[in-house]
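Reader: I'd like to learn how to read a sheet and the helix packed on it. Could you walk me through one?

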Amino acid sequence: MSETVIMRNGSEFEPGMEVADKVRDVGLGDTPMPQKTYVQCSCGEKYEKKVLIDECPHCHMTYAISHASADDPQNVLAAGIDY
Ligand SMILES: [Zn+2]
């Protein structure tokens, strides 16, 4: 199983919100990630991302990835704190 570390920085405009909305709409937010993925959060912490929508355990920045593109972890997007 491959391991990927992705780097994302939070910003005022969070494109991940749209992704999170879509994935939640179809009820797939808790779908496991297809591969082991770590998110290097903008707060400086790294955590293992286990499902399509989850959040950094340290700063609660939400990270979302579309079920349609979950096989490429580079598509993970920040969706905002506690989104
Ligand atoms: Zn964080």
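**Helix over sheet**

Author: Sure. Bear in mind that this is a predicted model. Start with helix 1 (residues 16-25): it lies across strand 4, strand 5 and strand 6, and runs at about 90° to strand 6.

Reader: What holds strands together in a sheet, generally speaking?

Author: Strands of a sheet pair through backbone hydrogen bonds, and the pairing can be parallel or antiparallel. Here, three strands make an open sheet in the order 4-5-6, with antiparallel pairing.

Reader: Which strands stand at the edges?

Author: Strand 4 (53-55) and strand 6 (77-81) do. Each has a single partner strand, so one side of each is left without a neighbour in the sheet. On average, neighbouring strands of this sheet are turned by 30° against each other, direction ignored.

Reader: How many bridges join strand 4 to strand 5?

Author: Three, and the two strands run antiparallel, with strand 5 covering residues 61-64. To find your place in that pair, look for D54: the residue opposite, in strand 5, is Y63.

Reader: Back to the helix. Which residues in helix 1 are buried?

Author: G16, V19, A20 and V23 are. These residues cover an arc of only 100° around the axis, which puts them on the same side of helix 1.

Reader: And what covers the buried residues of helix 1?

Author: The cover includes strand 4, strand 5 and strand 6, the very strands that helix 1 lies across.

Reader: What follows helix 1?

Author: G27 does, and its phi is positive, near 75°.

Notes: Residues are numbered from 1 along each chain as its sequence is written. This is a predicted model: local features need pLDDT of at least 70, side-chain atom pairs count only at pLDDT 80 or more; totals for chains, interfaces and linings use all residues. Two strands pair if DSSP finds at least two bridges between them. Helices (H or I, at least four residues) and strands (E, at least two) are DSSP runs, numbered from the N terminus. Axes are lines fitted to C-alpha atoms, for helices over the stretch in contact, and angles run from 0 to 180 degrees between N-to-C directions. Two residues are in contact if their C-beta atoms, placed from the backbone, lie within 7 Å. A residue is buried if 20 or more other C-beta atoms lie within 10 Å of its own, exposed if 12 or fewer, and partly exposed in between; C-beta atoms are placed from the backbone. The arc is that of the directions from the helix axis to the C-beta atoms.
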